[in-house]
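Me: Please take a close look at one part of this structure and describe it carefully, together with what surrounds it. I would like a connected account rather than a list, with the cut-offs behind each term.

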Amino acid sequence: MPLRNTLREPEAAPSSAGTSKRFRLGTHRVVSPQQTLERVRRLMPALGITRIANVTGLDTIGIPVVMVARPNARSLAVSQGKGLTLDAAKASGLMESVEGYHAEHISLPLKLGTYNELRFREAVVDVAGLPRLSVSLFHDNWRMLWVEGVNLMQGTTLWLPFDLVHTDYTLPLPTGSGAFLMSSNGLASGNHVVEATLHGLCEVVERDSTTLWHARGPRAQAKTRLDLGSVDDESCREVLEKYARAGVAVGAWETTSDVGVPAFTCSIVDREPEAFRPVAVASGMGCHPSREVALLRALTEAAQSRLTRISGARDDLHRKAYESAKDGVAAERLRARLREESPVRRFQDVPTYDGETLEDDLAWVLGKLGEAGLSQVVAVDLTKPELGVPVVRVVVPGLEPTHEAPGYVPGVRAQRVMRGRDE
């Protein structure tokens with residue numbers, strides 16, 4: 001049961017050799033951000049999207065960031081987007097809002113039953129590897145909703161808990177909710193279904209890599225500090241120069257896990273305290289087969305995270321984020337870390353891969369996951385034919401979700417790392 005190729009425009013169609021990467025400025029896409037905007041913008045009224053707002057000027061850095069408003073959303077009503085250009089940021093934010101709509105309005109067939117009822121009739125995902133809640137109610141006879149996906153490792157169908165796919169958080173929640181960690185992890189859209197699938201898969205690997213990096217502890221983390229002077233990618237250098245001109249200190253660490261797909265985390269803070277303009281420490285993450293794309297995502301996401309706090313428009317921002325900015329403790333802690341911790345990792349030593357097509361990149365990431373002992377990579381196609389924008393949710397049993405999620409319980413991989421900490 002292959003994922004559908006729903007985007008029918010000829011420039012986005014795959015060739016006999018695969019889906020070409022026709023746009024390569026800071027990211028690898030089928031078409032340019034301008035073309036993405038032209039195609040998807042017309043859908044805004046149907047999706048309830050009322051506004052794309054350029055909030056770049058609220059900060060001093062100059063990295064383009066936008067917010068996209070969808071007031072009647074069933075999860076977050078405000079999405080963010082970032083990029084090297086304003087069009088890239090608009091496309092990023094718009095597509096995030098589009099994928100949120102799709103995950104809130106799923107019309108796929110569902111099954112109601114227990115794990116024990118389903119496993120004798122259908123192929124079922126490895127539930128032991130799925131992220132549980134600290135107050136999880138799950139047991140083998142817990143009745144819940146299930147949805148069908150495709151295991152990309154074998155091309156066979158698998159049923160998985162609906163909680164891991166939808167983002168409709170209005171009350172009451174669907175029957176059987178409360179067993180697994182609900183989030184938007186692995187939800188992605190694109191100009192082509194392979195593009196969306198790769199993006200969603202990289203996000204799942206990114207969250208796992210970041211969680212494991214945090215589980216290592218400060219001593220092991222220090223050994224992954226990236227020497228920003230060794231970064232030779234033109235787009236990354238452009239972003240780093242913008243930070244420098246704005247007086248913002250940048251720290252980046254390579255978080256690549258045993259999976260081997262390049263991943264980074266980045267934290268930024270004003271070099272000097274601003275008594276009348278306290279801004280919280282902001283961080284970003286990035287993962288992609290190409291180390292250049294992975295690092296750029298982390299760098300630009302940090303700017304997006306900072307502007308999200310400045311704009312104050314995001315639904316899930318807690319007041320603690322602003323209290324932390326006001327007391328300045330976290331900011332001073334990061335400044336001290338950046339002064340005292342030596343960069344040791346050269347950018348050229350980070351693994352990288354750049355296939356000719358998106359299929360090549362996807363196959364490479366799947367191969368890395370297989371080498372790491374992961375046998376299931378489940379993709380659920382959420383694309384609505386009447387809209388024609390490919391949207392996919394990717395779930396990988398065994399990988400860790402974000403460690404910052406409320407109710408997060410460390411899985412097997414995180415527990416193994418924590419047991420091996422050298423501090």
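Reply: Contact means that heavy atoms lie within 4.5 Å. This is a predicted model, in which local features need pLDDT of at least 70 and side-chain atom pairs count only at pLDDT 80 or more, while totals for chains, interfaces and linings use all residues. Residues are numbered from 1 along each chain as its sequence is written, and side-chain values use heavy atoms, with hydrogens and water left out.

The part I will look at is helix H5, residues 193-216, where helices (H or I, at least four residues) are DSSP runs numbered from the N terminus, as are strands (E, at least two). The end C-alpha atoms of H5 are 35 Å apart, which agrees with the 34 Å that its 24 residues should span at 1.5 Å a residue; the expected span is 1.5 Å times one less than the number of residues. Of those 24 residues, 21 are buried, so H5 is largely enclosed by the rest of the structure; buried means under 20% relative accessible area, exposed over 50% and partly exposed in between, with a 1.4 Å probe and protein chains only. After H5 comes glycine 217, which has a positive phi, near 95 degrees. For context, most residues other than glycine have a negative phi.

Two helices that pack against H5 deserve attention, beginning with H11, residues 358-371. The axes of H5 and H11 lie 9 Å apart at an angle of about 30 degrees (axes are lines fitted to C-alpha atoms, for helices over the stretch in contact, and angles run from 0 to 180 degrees between N-to-C directions). That angle makes H5 roughly parallel to H11 (under 35 degrees counts as roughly parallel, over 145 as roughly antiparallel, 65 to 115 as roughly perpendicular and the rest as oblique). Their crossing is left-handed, meaning that the near helix is turned anticlockwise from the far one by less than a right angle, whereas clockwise would be right-handed. On the H5 side the contact involves Val194, Glu195, Thr197, Leu198, Leu201 and Val205, and on the H11 side Leu358, Glu359, Asp361, Leu362, Val365, Leu366 and Leu369.

Within H11, leucine 366 counts as buried at 13% relative accessibility. Not counting residues up to four places away in sequence, leucine 366 touches Leu201 as well as Leu152, Met153 and Val377. By contrast, the C-alpha atom of leucine 366 is separated by 39 Å from that of valine 279, 87 residues away along the chain.

Beyond H11, the loop that leads to strand S11 (378-381) holds glutamine 376, which is buried, with a relative accessible area of 15%. A polar atom of the glutamine 376 side chain lies 2.9 Å from the backbone nitrogen of aspartate 126. Neighbours within four places in sequence aside, glutamine 376 is in contact with a set of residues including Asp126, Asn151, Met153 and Val395.

The second partner is H12, residues 412-419, whose axis comes within 8 Å of that of H5 and crosses it at roughly 25 degrees. H5 and H12 are therefore roughly parallel to each other, although here the crossing is right-handed. Asp208, Leu212, Ala215 and Arg216 of H5 meet Arg413, Ala414, Val417 and Met418 of H12. Among these residues, aspartate 208 of H5 is buried, with a relative accessible area of 0%. Residues up to four places away in sequence aside, aspartate 208 touches Arg413 together with Ser257, Leu399 and Glu400.

Another helix pair offers a useful comparison. Helix H1 (residues 33-40) and H3 have axes that come within 8 Å and cross at roughly 40 degrees, and H1 and H3 are therefore oblique to each other. The contact joins Pro33, Gln34, Thr36, Leu37 and Val40 of H1 to residues of H3 that include Ala91, Leu94 and Val98. H3, residues 86-104, reaches 27 Å from its first C-alpha to its last, close to the 27 Å expected. With 15 of its 19 residues buried, H3 is, so to speak, likewise largely enclosed by the rest of the structure.

Note on methods:
A polar contact is a pair of N or O atoms within 3.5 Å; within protein, one must be able to donate a hydrogen and the other to accept it, and residues adjacent in sequence count only if both atoms are side-chain atoms.
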